[in-house]
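Here's a quick briefing to read with the model open beside you. Have a look at the fold and then work through the topics below.

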Amino acid sequence: MLSNRPNNEKSLKSVSDDLSDIRNDLTDAIKYNDEKLALVADKLQQLEVRVDEINADMRSSKNGSLLWKVGNFTELLERSHQDHQTFVASDFVYTGIYGYKLEFRLYPYGVGLGEGTHLSLYVLVHKTEHDLLLHWPFEQKVKVKLLNMNESSSKREHHIATIGPDRHSSSFVRPLHEHNPGWGFPTFLSHRDLQKKTFLRENCLFIKLLVEPYDALDIFKQSYD
């Protein structure tokens with residue numbers, strides 16, 4: 001009686017080879033799909049960042065003034081007590097449609113000389129697509145007004161600070177990166193005065209930001225008279 005063993009072994013090897021080929025094909029397909037998924041995820045992340053930028057730009061001020069609401073202040077203060085670098089950022093303030101782009105940052109727990117005792121407030125000059133047309137260094141006057149929300153208007157003493165840019169500071173030169181180093185007040189307002197006066201109401205602060213207007217378009221306006 002003839003044995004079928006050689007044929008069975010040959011068939012088994014053939015099936016094993018086929019399975020190996022299928023595994024390789026599946027591995028390649030999974031790898032290809034993983035790469036495609038990674039590309040799609042990366043593209044999606046870029047789009048989400050762009051959407052955030054567009055939304056932030058839509059909320060921004062184009063005339064050099066902005067009323068900035070800082071909500072949930074108690075929670076922010078507690079969080080910044082754990083991480084002293086915690087800050088809340090304002091929407092962007094432009095000095096004109098084609099003007100300087102600024103961002104303000106409030107550190108509830110304070111940084112530097114104000115750490116643990118004061119609110120710290122800084123302004124950052126951001127890079128724009130039209131910086132080539134602007135005058136550098138940045139020299140516009142900046143005023144920050146923390147609003148006193150006492151119900152009696154006669155008792156409202158707002159806390160005001162003015163930033164006179166230092167033309168020799170790296171904070172006000174033309175930005176080479178996303179933004180320059182911040183410049184401002186490590187001891188903007190003491191925590192004691194914050195609690196003693198009526199700056200904090202319903203767990204919110206309101207800060208009025210005023211920047212001297214400047215628009216590159218004004219420089220290149222032509223007269224048709």
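Two strands pair if DSSP finds at least two bridges between them. Helices (H or I, at least four residues) and strands (E, at least two) are themselves DSSP runs, numbered from the N terminus. You're looking at a predicted model, where local features need pLDDT of at least 70, side-chain atom pairs count only at pLDDT 80 or more, and totals for chains, interfaces and linings use all residues. Residues are numbered from 1 along each chain as its sequence is written, and side-chain values use heavy atoms, with hydrogens and water left out.

**Overall makeup**

- The protein chain comes to four helices and nine strands.
- Read from the N terminus, the order of elements is α-β-α-β-β-β-β-β-β-β-α-β-α.
- Of the chain's 225 residues, 34% count as buried, where buried means under 20% relative accessible area, exposed means over 50%, and partly exposed is in between (1.4 Å probe, protein chains only).

**Strand E6 and its partners**

- E6 covers residues 142-146, and its side chains alternate.
- On one face you'll find Val142, Val144 and Leu146, which are buried, while Lys143 and Lys145 point to the other face and are not.
- E6 runs antiparallel to E7 (residues 159-163), with five bridges joining the two.
- E6 also runs antiparallel to E9 (residues 205-211), again through five bridges.
- If you want a landmark, try Lys143: it stands opposite Thr162 in E7 and opposite Leu210 in E9.

**Patches on helix H1**

- A quick word on the rule: patches are made of residues with over 30% relative accessible area and no salt bridge, with like charges joined within 9 Å and nonpolar side chains (Val, Leu, Ile, Met, Phe, Trp, Tyr) within 5 Å.
- Accessible areas come from the Shrake-Rupley method with a 1.4 Å probe, and for residues only the protein chains shown count as cover.
- For charge, Lys and Arg count as positive and Asp and Glu as negative, while His and the chain ends are not counted; the place of a charge is taken as NZ of Lys, CZ of Arg, CG of Asp or CD of Glu.
- Asp18, Asp21, Asp25 and Asp28 form a negative surface patch, and Asp25 is found in helix H1 (residues 5-59).
- Leu19, Ile22, Leu26 and Ile30 make a nonpolar surface patch of about 370 Å², and Ile30 is found in H1 too.

**Salt bridges**

- Side chains of opposite charge can pair when their charged atoms come close.
- Here a salt bridge is a side-chain nitrogen of Lys or Arg within 4 Å of a carboxyl oxygen of Asp or Glu, and the count by this rule comes to four.
- Arg105 and Glu103 meet in one of them, at 3.0 Å from N to O. Arg105 is buried because its relative accessible area is 15%, and Glu103 is buried with 6%.
- Glu151 forms another with Arg201, the closest N and O atoms being 2.9 Å apart. This pair links distant parts of the chain: Glu151 is in the loop between E6 and E7, Arg201 is in the loop between H3 and E9, and the two are 50 residues apart.
- Glu151 is exposed, given a relative accessible area of 65%, whereas Arg201 is partly exposed at 32%.
- Lys196 pairs with Asp193 in a salt bridge whose closest N and O atoms are 3.7 Å apart. The two are three residues apart in helix H3, so about one helical turn separates them.
- Lys196 is exposed at 60% relative accessible area, while Asp193 counts as partly exposed at 23%.

**Backbone spots to check**

- The peptide bond from Trp136 to Pro137 is cis, with omega near 5 degrees. Pro137 sits in the loop between strand E5 (118-126) and E6.
- Glu202 isn't a glycine, yet its phi is positive, near 50 degrees. You'll find Glu202 in the loop between helix H3 (191-196) and E9, where its 73% relative accessibility makes it exposed.
- Asn203 isn't a glycine either and has a positive phi of about 65 degrees; its place is in the loop between H3 and E9.

**Tyr107**

- Tyr107 lies in strand E4 (residues 101-107) and counts as buried because its relative accessibility is 12%.
- Tyr107 and Tyr122 are 15 residues apart in sequence and 8.5 Å apart in space, C-alpha to C-alpha.
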